[in-house]
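Biologist: I would like a close look at a single part of this model. Please take one helix, and then put it in the setting of the rest.

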Amino acid sequence: MKQSLIAAAIAASAATVLGGDVTGKVTLKGTPPPEKPIAPLMADANCGKAVSGTVTTRHFVVGADHGLGNVFVYVKAGLSGTKFDAPATKTVVDQKGCLYEPYVSGAMAGVAVEITNSDPFLHNVNFMKSDAGNTPFNTAQGPGAKPMDRVFQNPEVFVKLQCNVHPWMFGYIGVVGNPFFAVTDKDGHYAIKGLPAGKYTLAFKHLKGGEVTQEVEVKDSGAAANATIELK
Amino acid sequence: MSLTIPRGPVPMPPERPSSLSIRRSAPFWVHVLACAVVAATLALIVLGGVVTSKSVGMAVPDWPTTYGHHMFAFPFEKWRQGGVFWEHAHRVVASSVGALTLVLAGCVQATESRRWLRRLAWTAVAVVCLQGALGGYRVKLNDIPVFGISGATFFGILHATTSQIFLCLLGVVALATSPSWRRFGGPSGSTGPVRAHREVLGIVALMSVQLVVAATMRQQHAGLAIPDFPLAYGRVYPATDADTLARINQQRTSIVDDMPVTAFQIHLQMVHRILAVLLLAGVISLAARQRRAASPWSGWFRLWAILLGAQCLLGAATIWTGKLDAVATAHVGIGALSLLTGVTLGIALCRARNGRLAINPCDPTRGEIQTAAGEPIGAS
């Protein structure tokens, strides 16, 4: 009996430490402007060979049932004062087909982001402007160059990377102070894993659509939180 | 031979013994060289316009080297990498223009007795050196805030405006070494230019303000702050409240990632449009007056009016084409040519005033001793 109680207590505290998953869907309300074909990419002597078909901008990625992709979901309040380990999966940003992949990603402040170049030609990774005191950098990555690690010390949503050799190339990283973040897929779905039980303010930020917040209570079994971003 | 002494203060003694001194003017080939440097500078300004239009100003992140190579030793096979070609070509042509300017100044120094012209040529050398440094520091201090704005924006605006100041300096050197310069100093034969020079210089001053406004617009990298013309967001003057700006920025999509539009940028573009209308109206009015007066200068004013008209049309086309690179760059080039035309026309008119030669072409009190045939004696 005593052993069962001890085992149950350990399981309960483990569940509290591990937390639950927060899942949901972000939808778009309103009509977004049409995406534009990136003509200079397709016309470029190098980039044109690296892609097939028409490549368009990715300002609004709208999927099934108005699901909105590339929304950065993060815990805006409720975790202050707590220190967490780095995420299990390293954030990797690749330069492929003369585009940053993924277009929007997330990273934890103080944890290295790996930037790679899968294209057989030169790119440069320019982080120009920071409103949060992160150190700008501008580094060339030639064909076959080793992946480079860059650390953003301070939370900043969003950090913008740009290639000046190919000016249509830009990507964004949401940098937050904890490992609990996600980016919606093309149909607007997301999942934040292992958020400790408690009450939080979740933020859903889209580059053009803006940000909405929602209060959510996470239990050991997790929580569901959907959001809608509305165009003006 | 008799001496005709004009009204006004006694002119300064010439640099050499007076009665035997003959003004030494640069030979015609110096004028040709000056014109060539002007043309090269105009091409350089257009090339710089391409760099900004394509947003590749940082395609080469180091200066004065290019990806670690000496500027003139950068392997040609590496040029053909996106925006690297345009930025590096801009630097190479800029260095060449700098060298040509130095050669021109040396030729003017060796062949000219007019001190002000020699000084002007060396001033052009100093300005082109400054211009090179501004371009270099625009790259090196790209991320460093300067007076609250990014180094890229601050130095970019200075670089853009200094380029056209340099162009105009060279234009005056070319004008002053031309065979026409002496003819401008003869009797004008018309009262029109006596007043027109002030209006021309006034328009040039306004064009200079327009240049700073335009450079600020381009260096903001906000794309088209107003996407329609002649209206602005469907109105005569657009709203700039927070909700309107949020809606504008949500609906804006471009290939290069333009910065969000701000109220300041919308107001700036409206100022640009208003100044354009005022400038065009001013030049057309002047051209019409010159034509009515059958002025010998009417052809130049007509050319100036045509340039301004083309510039306004290119400005509209920049908006209608969604800031197509070629159109936006042509707008930069014709703008530079319009300013150059205005400056050289204004200086020529100043010289033609009252038929006097002067050290300061626009100074009405300085004169010279002339023969009865109107030939000057003594250096100016």
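Modeller: What follows is a description of one helix of chain B, then of the contact between the chains, then of chain A.

The model is predicted. The part chosen is helix α9 of chain B, residues 298–320. Helix α9(B) has 23 residues and covers 33 Å from its first C-alpha to its last. The span expected at 1.5 Å a residue is also 33 Å, and the helix comes close to that value. Buried positions in α9(B) are Phe301(B), Trp304(B), Ala305(B), Leu308(B), Gln311(B), Gly315(B), Thr318(B) and Ile319(B). An α-helix has 3.6 residues a turn, so residues three or four places apart point the same way. The cover over the buried residues of α9(B) includes two helices of chain B, α8 (263–292) and α10 (325–352). After α9(B) comes Gly322(B), with a positive phi near 70°.

As for the setting, chain B touches chain A through 25 residues of its own and 30 residues of chain A. On the chain B side, helix α7 (residues 242–251) gives the most, with six residues. That side of chain B holds nine nonpolar, 10 polar and six charged residues.

Chain A has three helices and 17 strands. Its C-alpha trace spans about 75 × 40 × 30 Å along the principal axes. Of the 232 residues in chain A, 36% are buried. Among contacts in chain A with a separation of 6 or more, 64% join residues 24 or more positions apart.

Terms used:
Residues are numbered from 1 along each chain as its sequence is written. Chains are lettered from A and ligands numbered from 1 in the order in which they are written. This is a predicted model: local features need pLDDT of at least 70, side-chain atom pairs count only at pLDDT 80 or more; totals for chains, interfaces and linings use all residues. Two residues are in contact if their C-beta atoms, placed from the backbone, lie within 7 Å. Helices (H or I, at least four residues) and strands (E, at least two) are DSSP runs, numbered from the N terminus. Ala, Val, Leu, Ile, Met, Phe, Trp, Tyr, Cys and Pro count as nonpolar, Asp, Glu, Lys and Arg as charged, and the others, Gly among them, as polar. A residue is buried if 20 or more other C-beta atoms lie within 10 Å of its own, exposed if 12 or fewer, and partly exposed in between; C-beta atoms are placed from the backbone. The expected span of a helix is 1.5 Å times one less than its number of residues.
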